[in-house]
There are 2 protein chains.
Amino acid sequence: MAAAAPPPPPTPAPSAPTGLPDSDSTPVGHPLFSRIRLATPLDVPNIQKLIHQMAIFEKLTHLFTATESDLASTLFKSPPFHSFTIFLLEVSSRPFEKDSNLHSQNFTPIERIINLDHSLSDPEAETFRNGINGDAVVAGFVLFFPNYSTFLGKPGFYVEDLFVRECYRRKGLGKMLLSAVASQAVKMGYGRVEWVVLDWNVNAIKFYEEMGANVLPEWRICRITGPALEAYRDAI
Amino acid sequence: MAAAAPPPPPTPAPSAPTGLPDSDSTPVGHPLFSRIRLATPLDVPNIQKLIHQMAIFEKLTHLFTATESDLASTLFKSPPFHSFTIFLLEVSSRPFEKDSNLHSQNFTPIERIINLDHSLSDPEAETFRNGINGDAVVAGFVLFFPNYSTFLGKPGFYVEDLFVRECYRRKGLGKMLLSAVASQAVKMGYGRVEWVVLDWNVNAIKFYEEMGANVLPEWRICRITGPALEAYRDAI
C-alpha cells in the first residue's frame, strides 16, 4: 500500500499509555504490557498476516499480492534504519522477560504499561502468538525507511505503513509506534517524518495534527506501476 | 523540498530526443549531446547550485538551508540505488569522450543527441561547467531513493527532485531523466515509481499522465518537522 493505515481515532483513550519506563512498576487495573522492538526475518509470517489485515481494513485486497517469500527476499537486507525498517508491537498480560538479544546497538526496545479498565479479549491471539514470551502476541507494526530533503540537505523517515490490530486500537498504541519513529528520527539528526493520509479520513487527520503534523493540501502523489512501468524496460 | 519540480511542459518539443544510441552518429542542425550519469561527491557543488535554483523556481528559498557540507555528509553513503541516488544530466555541443570511469557495474551512462533548430545560449555555462569534457555543462538532475510497497512486497523508487535548468527545458530532457529512473526500476524488478506534484500544476500533471503515471486524488502528505519533530527527542 502507499500509506499509513488510519490510526486509532483521536478520542482520548480511557487508559492512555502511562509512560512508565520500567515494566517492574506495579500495574493497576488490567495492565497491558506493550513492547516495540525491531522486527527480524523470523517475524515475516506475522508481518505478512498484519499486512493482509490492513488490506482488508482498507478494502484493497485486490491490490495485495505480497507473499512471505516476497517479504523475506526484500526486507532485512540492510542494517536497521538505513533502509526498510519495521518496528513490531507486541503486547502481553505479563511483563516481558528481559531479552538481551533484542538490545541491538541500534535500538533498545521500548516498553510501556497500559492500564485498561477492562480485561481485553483477543480473538486472534493464537494466530499472532510471538512464540517467545508466553502469552505475548504481535499487535501491530510500523514500516518506515529513510527519505531525503534536498532543501534541508538531510535525511528523514517516510512511514509507509502504520497498523494496529482491531482489538488493540484506541489505546494509544498507534501513537506509541509513530512516536517511536519520530524519536528515532530526532536521535539520528534527521529533519522530517512524513507519511500520507486519505483526505476523507478526518479522524486520522485530527489525530496526526495533534501529534504535531502538518497536512500539506496541495501535493498529489503520482505513480507509475504495472504495465505502464514495464513499458520503460527498454525505453532508455 | 518534498517533491519533483515541475518538468518541462507537455507541449511537444520541436526537436525531441532522437533516441540515437550512438553519439558518433552524424548529427543534423544544432546537436545537443546529452548524457545521464551517476553523480559523485565531486558533483556536490553543482548539485547544491541546482537545488538552490529549484528553490528559487518554486519561490521556496526560505525553506532552503542545504550547504555543500550538508549534502556531502549525507549523500553517497551507500552504493547507487540502495539509498539516495542522483542521476546528473550533462550537455555539450560536442560528443562526450568515452570515460571508462563512468561505467560502473551498476549503471552505464545514457547518451542521446537532441537536434535543436537553433543553437542554444547558456548564460550560466561557466557556473555549471563540469570540468571534464571541454564545454560540457551540468543541466539538471534527478534525486531518487528506494521506497517500499507492503502490498506488492517489493521496493520501488521515490523521486524526490527532478530539475532541469531553464535554458534546457522543453527539449525532452526532463522526460529523459524520469525515464532513466523508471527504466532502472524495471531492471531491478521494482514495482513502482512515485513522486508528488502540486495540484495546480496542470501542465506537469498532463506531462506525467502522458508518461504513464496516475495521479492519486485522495492521499495527502503529513509532515512532522522542526520544533514539532524535536519535541519527540525524549518522547519515548
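1. In this note two strands are said to pair if DSSP finds at least two bridges between them, and helices (H or I, at least four residues) and strands (E, at least two) are DSSP runs numbered from the N terminus. The structure is a predicted model, in which local features need pLDDT of at least 70 and side-chain atom pairs count only at pLDDT 80 or more, while totals for chains, interfaces and linings use all residues. Residues are numbered from 1 along each chain as its sequence is written, chains are lettered from A and ligands numbered from 1 in the order in which they are written, and side-chain values use heavy atoms, with hydrogens and water left out.

2. One open sheet of 8 strands follows the order β3(B)-β1(B)-β2(B)-β4(B)-β5(B)-β6(B)-β8(A)-β7(B), and its pairing is mixed. At its edges stand β3 (110-116) and β7 (214-216) of chain B, each with a single partner strand, so one side of each has no neighbour in the sheet. The twist from one strand to the next averages 30°; axes here are lines fitted to C-alpha atoms, for helices over the stretch in contact, and angles run from 0 to 180 degrees between N-to-C directions.

3. Within this sheet, strand β1 (residues 30-38) of chain B runs antiparallel to β3(B) and is joined to it by 7 bridges, with B:L32 standing opposite B:I114. Helix α3 (residues 173-187) of chain B packs on the sheet, where it touches β1, β2 (85-92), β3, β4 (137-149), β5 (154-164) and β6 (192-198) of chain B, and its direction makes about 165° with that of β5(B). Contact means heavy atoms within 4.5 Å. Helix α4 (residues 202-210) of chain B also packs on the sheet, touching β8 (219-225) of chain A together with β5, β6 and β7 of chain B, and its direction makes about 165° with that of β6(B).

4. Another open sheet of 8 strands, again with mixed pairing, has the order β3(A)-β1(A)-β2(A)-β4(A)-β5(A)-β6(A)-β8(B)-β7(A). Its edge strands are β3 (110-116) and β7 (214-216) of chain A, each of which pairs on one side only. Helix α1 (residues 44-57) of chain A packs on this sheet, touching β2 (85-92), β4 (137-149) and β5 (154-164) of chain A, with its direction at about 85° to that of β4(A).

5. Where the chains meet in that sheet, strand β6 (residues 192-198) of chain A and strand β8 (residues 219-225) of chain B pair in the antiparallel sense over 7 bridges. A:V193 stands opposite B:I224, and the bridge partner of A:L198 is B:W219. The side chains of A:E194 and B:R223 meet in a salt bridge (2.5 Å, N to O), a pair that crosses from strand β6 of chain A to strand β8 of chain B. A salt bridge is a side-chain nitrogen of Lys or Arg within 4 Å of a carboxyl oxygen of Asp or Glu.

6. The contact between the chains takes 75 residues from chain B and 75 residues from chain A. Together they bury about 7,300 Å², 62% of it on carbon and sulfur atoms, where buried area is the accessible area (1.4 Å probe) that two parts lose on being put together, summed over both. B:F151, B:W219 and B:I236 supply 14% of the area that chain B buries against chain A, more than any other three residues.

7. Across the interface of chain B and chain A the rule finds 4 salt bridges, whereas the structure holds 21 salt bridges over all chains.
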